[in-house]
Amino acid sequence: MRPHHDGSALYVPEQAPALGDTVSVFVRVPADDDVRTVHVRTTPDGEPKFAEAVLDRRTGDELWYRAEVPVRNPVSRYRFLLSGRGTRRWLDAAGVHDHDVPDAGDFRLVAYDPPPAWVRDAVVYQIFPDRFARSAAADTRTVPDWAIGCDWDTPVVGYGPQTPRQFYGGDLDGITERLDHLDRLGVNTVYLTPVFPARSNHRYDAASFDHVDPLLGGDAALARLAAAVHARGWRLIGDITSNHTGDAHEWFTSARDGSAAERELYYFDAAGDYESWNGVRSLPKLNWGSAELRRRFATADDSLLRRWLRPPYGLDGWRVDVANMTGRRGRDAYTHEVAALLRRTVAETRPDALVVGEHGHDHTGDLDADGWQGTMNYVGFTDPVWSWLKHGDEPVPNFLGTPGGVVRRSAPEMLATMDVFRSLVSWRAYTHSWQLLSSHDSARIRTVVGDAARHEVAAGLLATMPGTPMVFAGDEWGLTGGNGEGSRTPMPWHRPQDVDQGTFAAYRSLLALRRDEPALRHGGLRRVYADADTLVFLRESPAGSVLVLARRAAGRPVRLVGLPAATNRYGGAPDLRPDATGALVLPADGPTFQVWRLG
C-alpha cells in the first residue's frame, strides 16, 4: 500500500463545504513508509501556503494525519508534501510523485451548491425512444414524409443516408408499459434522448421545444410516463440541445427572414449563410451572445428549460447535448457563462434537479465551474475500459473517431488514463458524472469485448467503480452494434432467443450489490494491485469496505498482505482467510469478476 487520499467521506468528512469554512482532511500513510512529516499545501487566492498536518490516529499498520484546509475560494485546491529521510514526495489526485508537479492535479474542495443528493445513489438507464418499445397506439400513427417505415425486426442501417430516416415507431407509452423490466434490472433513473418534434429518428434536430413529438404520443404521453416513473420513486431526465436546433425549427425558419427578431438567435453572415454543427446544414448553431436566446431558452418564466421541469411533466433534470461546443465559436467563448446560467435556471425551478453536460473528449476544463454538475465520462471510463477488455487486435471505433480507434492496453495503462482525467476534476464532479460502457453514440460493449465473460467484467467495473452508472438499453441483454447508429437496436421483446439471460442476471446482481453496499455508492477508491490482465482495488467508506478483483484472463494468484478476512459477495469465489503468512490469496481463473466484503 502507498500513502493515499481521495475526496470521499473517509478522507473528507465534510462533503458539502461552504465558502469560509475550514475543512479537516485526512491522509493515510503505511507505518513502514519513509514519512516523517506531512504538510498540506493550499493556494488561497492563488498564493501557495503550507501547514503541518498532525498525527490523528493509528489503525493497525497505518498512520492517519489530519490537516485543515480553508475554503477561501469557490474551488480550493490542496495537496500533501510527504517528507522522509532525505526524500520528499507530493501526493495529489493523480497519486504519489517523486518530482514536482503542477497545480492542475491538486485535490479540490468545491463550495458551489452541490448536486442533488439522490444522484450518488442513482443508476441511470438510457432509452432511445424510437427503438425501445411500441404501444398499441403507435400502430395508428402515419409514418412521416421524412421517414422510412420499418417493422421491429428490420435490421438497423449503421451508415448512410437511410440511417437517420429509419423509423421504428417506439413511443413514450411503450416505455411506460415496460417499466417493470427496468425495475427487475435495478435502475432508478430514466434518461430519454430527445422527445421534441424533428425530422430524424434521433430528434437532435428539434423543430420545436414547445411540445412533445406527436409520434411519441405528445405531451400527454410524457406526463403519463413521468407519473409512472415518479410513482416508483425514480427520476426522469430529459435531453436538450443547447448548441443547435434543427433547420425546421420555428425559430430558424423565422430567422431566415433578415428582419426577424429570431435572426440574432443564430450565426448568419452578410450573405445570409449560417453556421451549423460540424458543417451539418440541418443543425444551425445557436448564438449565446443573444440576450433573446438566453431569455427564451432559460431565464423567462415560461422558458423551455423551466417548462418541462414543472408539473405535469416534472423532469428531474437535463442532459445537455454537445455541451462542449455550446457557446463556443471563434472568438465567442460563452461556454462557462451558459453552463452557469442553465444550472442556475434549473436550480431556481427545481432545486433537486440535475444538469449533466455531454462531453466526448477532455471535459476537465468545463467542470467545477458552477455549471455542469457532471459529464458523460467517455474518456475517463468508457475508452479505457474498452481498451483493456476489447476482443482481438483489430481496433474498434471510439466515440469521436480517433484514427486507429481504441487499441488494446494493459490494466496499468487503463488505470493511467482513468487517473489522469480523474485528477483534473474534483471528486464531487467525478462521482456525479455518468460512467458508461456504451451509448446511442458508440459501439455496444458486447461488440467491443466479444463475449459474455468479458462483458460481465465490464459490467462489474461499471457497478463497482466511483461515479453514476449509466446502462444503455439493451446492453443488459447482450445486444450488439459496431458504431453509434448501428447500436440503436430495437429491444427484442418478442424474440427471447436473442436475449442473453445470463448477462441480464449478471447486471441485475451487480446493480443489487451496488445498492446493498454503501461503499460502492459513497466510498473512496484505493488501488491495490494491477498487472496486464488483472486489477484489484478497494472501495472504502465509514460504513465498511469491499475488495474487488477484475481479470480479463487467467493469471497467477494475487497475494495481499495486511487485509482482514473477507466474505464473497459476487462471483462465487471462496471467502478469503489469511494464510500462514498473513496473506489473502485471490483466485487466478479468468475472465472473472469477484467482490468480497472485508471484515
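**Exercise 1.** In this predicted model, work out which backbone oxygens lie close to polar atoms of the asparagine 201 side chain, and whether the residue is buried or exposed.

*Solution.* Start with glutamine 166: its backbone oxygen sits 2.7 Å from a polar atom of the asparagine 201 side chain. Next, try threonine 163, whose backbone oxygen is 2.9 Å from a polar atom of that side chain. Now place the residue in the fold: asparagine 201 belongs to the loop between β13 (189-192) and α3 (218-231). Finally, check accessibility. Asparagine 201 has 3% relative accessibility, so it counts as buried, the cut-off being under 20%.

**Exercise 2.** Find what asparagine 201 touches once its neighbours within four places in sequence are set aside, then see which of these contacts turns up by the centre of the largest pocket.

*Solution.* Go through the contacts of asparagine 201: Phe128, Asp130, Arg131, Trp146, Thr163, Pro164, Arg165, Gln166 and Arg488. Then turn to the largest pocket, with a volume of about 930 Å³. It has 39 lining residues, and those closest to its centre are Trp277, Leu283, Asp441, Glu485 and Arg488. Arg488 is on both lists. To finish, sort the lining by class: 13 nonpolar, 18 polar and 8 charged residues.

**Exercise 3.** Describe the lining of the second largest pocket.

*Solution.* First the volume: about 550 Å³. Of the 22 lining residues, Arg28, Thr59, Glu62, Arg526 and Gly562 lie nearest the centre of this pocket. As for elements, β1 (22-30), β4 (54-59), β5 (62-70) and β23 (534-541) each give two or more residues to the lining. By class, that lining splits into 10 nonpolar, 5 polar and 7 charged residues.

Methods
Residues are numbered from 1 along each chain as its sequence is written. This is a predicted model: local features need pLDDT of at least 70, side-chain atom pairs count only at pLDDT 80 or more; totals for chains, interfaces and linings use all residues. Side-chain values use heavy atoms; hydrogens and water are left out. Helices (H or I, at least four residues) and strands (E, at least two) are DSSP runs, numbered from the N terminus. Buried means under 20% relative accessible area, exposed over 50%, partly exposed in between (1.4 Å probe, protein chains only). A polar contact is a pair of N or O atoms within 3.5 Å; within protein, one must be able to donate a hydrogen and the other to accept it, and residues adjacent in sequence count only if both atoms are side-chain atoms. Contact means heavy atoms within 4.5 Å. On a 1 Å grid over the protein atoms alone, a cavity is a set of points where a 1.4 Å probe fits but cannot get out, and a pocket is an open set with protein on both sides within 12 Å along at least five of seven lines; lining residues have an atom within 4 Å of a point. Grid points are joined across faces, edges and corners, and a volume is the space filled by probe spheres set on the points. Ala, Val, Leu, Ile, Met, Phe, Trp, Tyr, Cys and Pro count as nonpolar, Asp, Glu, Lys and Arg as charged, and the others, Gly among them, as polar.
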